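Hello,

I am passing a structure on to you, as promised. Please have a look at it first, and then read my notes underneath.

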Amino acid sequence: MSLREIFYECFECGNLYPAVGHKTSCEECGGILQYSYPNLQPKKLSDLTERGLPGMWIFQKVLPLLKPASNMIHLGEGRTNLYEDQTIARMAGRSDVTFLVKDESTNPTGTIKDRSASVALSVYKERNIPNITLSSTGNTATSYGLYNQRAFRKLAIFVPTEMENLINFDDENERTRIILVNGRYVDAMSLSIRMAEETSYVLDGGFANPDQIAGLETAAYEAYFQLYEKYGKHARSLMDSGKVWYIHPTGSGNGLLGWYQAIERLREYGFLKEYIHLVCVQPEGCASIVDPALKGQDRITQRINSTTWAKIIENEYPKNCYPYVKYVVRETLGLFHKVNEEKSKEIYENSESIFEIQIMSPAAIAIQATIELADQFDSGDVVIIGYTGVEREKRHYNFERIGPVSKDATISQILEENPQLLY
Ligand SMILES: [Zn+2]
């Protein structure tokens with residue numbers, strides 16, 4: 001353990017950088033970064049896990065902490081269920097295909113974002129990064145707010161005012177500030193970018209934050225081991241013959257990057273031959289990645305105007321993440337698909353009677369996508385559906401709100417009116 005080495009590695013040119021401080025892009029080519037662990041050379045599957053550690057931290061060897069014992073912030077995230085759902089099989093009309101749900105609802109705040117928050121806040125704590133700014137459509141803000149109760153960082157999180165009701169944590173330490181923005185998610189995002197440019201706050205980076213991606217990667221490792229639990233040795237032949245799919249409701253696509261990274265590592269270590277096919281799904285009203293990908297565009301240069309009901313995964317201008325999402329889906333021989341708005345909303349509204357839980361909109365998008373894509377699967381295929389979150393009763397209101405501020409406000413105006421952000 002003392003020989004542990006961690007590097008940032010450029011996703012595009014492969015350049016390596018020591019994993020110190022907080023870095024979100026390559027100095028040479030501007031590419032996004034992922035983590036590299038040169039000393040880790042697992043010979044057998046059990047070498048990948050660290051028995052005795054809780055939750056997703058069993059995969060600590062592929063998580064970027066030097067001193068997990070003192071810096072890991074674990075609040076119960078990970079080790080979520082992977083269960084077969086025959087209701088979805090019936091709805092899809094495919095009894096010859098197995099539909100498995102990767103159910104992230106048992107994470108502390110009920111969403112997959114707790115995986116990213118757990119790693120990101122642990123890293124900020126270990127590397128002593130004091131002030132961080134980010135933007136969120138609600139779920140990330142909730143996760144970061146909760147984990148910051150143990151990381152004691154100063155967080156400034158920009159959230160569109162209309163998503164305020166989704167935020168659900170108590171802030172006993174008064175270290176997490178939610179800055180409400182009268183505008184769309186992209187407006188909140190550009191304010192957080194400017195905040196980082198003009199103050200001592202560091203930009204978390206969202207999809208470009210390697211800590212977040214590392215956290216999401218753990219969901220894929222869990223699914224890999226759970227397939228072994230379910231199918232025994234047959235799991236390997238299913239995966240090696242390309243019969244496994246993962247369907248991900250996509251906002252900026254960092255969940256897909258996490259899966260891709262996990263798959264790549266498993267291939268590198270010799271634990272997997274073929275890819276698990278990654279499927280990027282978005283609602284028709286905000287198909288900001290799916291539409292240009294289906295048209296074969298290399299880049300996105302224009303913001304769209306979203307009309308989707310599924311606000312949580314609304315991303316009107318995913319220009320930075322787009323090339324990566326396109327790459328990982330193509331590389332894994334996956335699919336891009338946009339989902340019917342009304343039908344997915346119907347699933348959301350009836351989810352308690354159909355599935356006995358109140359899922360969040362992204363899970364409804366994933367389920368409807370599975371139904372619409374039913375013809376694409378071969379007999380005997382295994383389709384994993386990302387239930388990225390469930391709705392919880394909102395109980396927590398005790399956190400500091402700032403604003404609402406105008407989307408056109410300058411950072412100096414915001415700081416002048418809210419000097420508490422400065423100390
Ligand atoms: Zn590079």
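Below is what I found, starting with a sheet and ending with a few single residues.

Please keep in mind that this is a predicted model.

**The sheet**

A good place to begin is an open sheet of three strands, paired antiparallel in the order β2-β1-β3. Its edges are formed by β2 (16–18) and β3 (33–36), each of which pairs on one side only. From one strand to the next, the twist averages 35°. Helix α6, which covers residues 210–231, packs on this sheet and touches β1 and β3. The direction of α6 makes about 60° with that of β3.

If you zoom in on β1 (residues 7–10), you will see that four bridges join β1 to β3, and that the two strands run antiparallel. Which residue in β3 is the bridge partner of Y8? That partner is Y35.

**A cis peptide bond**

Next, move along to strand β14, which spans residues 400–406 and contains P404. The peptide bond leading from G403 to P404 is cis, and its omega is near 5°.

**Two residues with positive phi**

Two residues have a positive phi although neither is a glycine: L333, at about 55°, and E356, at about 65°. You will find L333 in the loop between α10 (322–331) and β12 (335–339). E356 is in the loop between α12 (351–355) and α13 (361–372).

Is E356 buried or exposed? E356 counts as exposed because it has 8 C-beta neighbours inside 10 Å, and the cut-off for exposed is 12 or fewer. L333 has 13 such neighbours inside 10 Å, so it counts as partly exposed.

**Y275 and its contacts**

L333 also turns up in the surroundings of Y275. Leaving aside neighbours within four places in sequence, Y275 is in contact with G242, I263, T332 and L333. Y275 itself is found in a loop, the one between α8 (254–268) and β11 (277–283). Why does Y275 count as buried? There are 20 other C-beta atoms within 10 Å of Y275, and a residue is buried if that count is 20 or more.

One last pair to look up is Y275 and V62: they are 213 residues apart in sequence, and their C-alpha atoms are 19 Å apart in space.

Enjoy exploring, and write back whenever you like.

Best wishes

How values were computed
Residues are numbered from 1 along each chain as its sequence is written. This is a predicted model: local features need pLDDT of at least 70, side-chain atom pairs count only at pLDDT 80 or more; totals for chains, interfaces and linings use all residues. Two strands pair if DSSP finds at least two bridges between them. Axes are lines fitted to C-alpha atoms, for helices over the stretch in contact, and angles run from 0 to 180 degrees between N-to-C directions. Two residues are in contact if their C-beta atoms, placed from the backbone, lie within 7 Å.
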